[in-house]
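Thanks for coming. I have one structure today, and I will go from pairing to core to overall numbers. Please keep the view on screen while I talk.

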Amino acid sequence: ANGNMVYYGGDLRKSYVQTWTPTLAGSSTAGTQTYSVQKGYWTQEGNKITVWGYLTMTAKDGATAGNLRIYGLPVTPANTGMQYPAQLGEIDKLTLTAGKLGISLQGSAGNTYLSFLDYVSAGNASYTPVANLAADTTVIFTCTYLA
């Protein structure tokens, strides 16, 4: 009645930008990468979370192994039965797997990381291996998901 929009999940007028620390890591051995840029911001409006990240590496830990992921999401994605597509603003010096057409990024329910995927023209996408990560890779991204 007072002209303000309020709903069960909270007050839509309140959306504060907060920081988080994204990291590039492997699924089986995370490793410890070194960065010249490591920034993350996020907002929450009701149960909708939006994260932004900017990473530029200066060194790759040789122990890093498995599938390539971005760890550290500030809020765990909800179990909605779907994946949450992310947008890549820039991926520089991340090698494309032979025979693949491109790289995408997505979040999944219950996991505080985003997974890199190699996709093909027909068939299923596969996870991007850490071996494709160069010592000076840059990744800029955003993802919106439900909490």
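Two strands count as paired if DSSP finds at least two bridges between them. On that basis, strands E6 and E12 pair: nine bridges join them, and they run antiparallel. This is a predicted model, so keep that in mind throughout. One facing pair to look at here is Thr-50 and Thr-144, the latter in E12.

E6 also has E5 as a partner, antiparallel again, with 11 bridges. In that pairing, Lys-39 sits opposite Tyr-54 of E6. The two strands make a hairpin with two residues between them, and Gly-46 in the turn has a positive phi of about 65 degrees.

Now the core. The largest nonpolar core has 26 residues, and those touching the most other members are Leu-24, Val-51, Ile-70, Phe-116, Phe-141 and Tyr-145. Strands giving two or more residues to this core include E5, E6 and E12. E12 supplies the largest share, five residues.

Which residues does Val-51 touch, leaving out those up to four places away in sequence? Among them are Trp-20, Tyr-41, Trp-42, Leu-73 and Pro-74, and also Phe-141, Thr-142, Cys-143 and Tyr-145.

Last, the chain as a whole. There are 12 strands and zero helices. Of the 147 residues, 36% are buried. Taking contacts between residues at least 6 apart in sequence, 66% join residues at least 24 apart. The exposed area is about 7,700 Å², with carbon and sulfur atoms supplying 51% of it.

Technical notes
Residues numbered from 1 in each chain as written. Predicted model: local features only at pLDDT ≥ 70, side-chain atom pairs only at ≥ 80, totals over all residues. Heavy atoms only, no water. Core = buried A, V, L, I, M, F, W, Y, C linked by side-chain atoms within 4.5 Å. Buried < 20%, exposed > 50% of the residue type's maximum accessible area, 1.4 Å probe, protein only. Helix = DSSP H or I, 4+ residues; strand = E, 2+ residues; numbered from the N terminus. Contact = heavy atoms within 4.5 Å. Areas by Shrake-Rupley, 256 points an atom, 1.4 Å probe, with all protein chains shown as cover.
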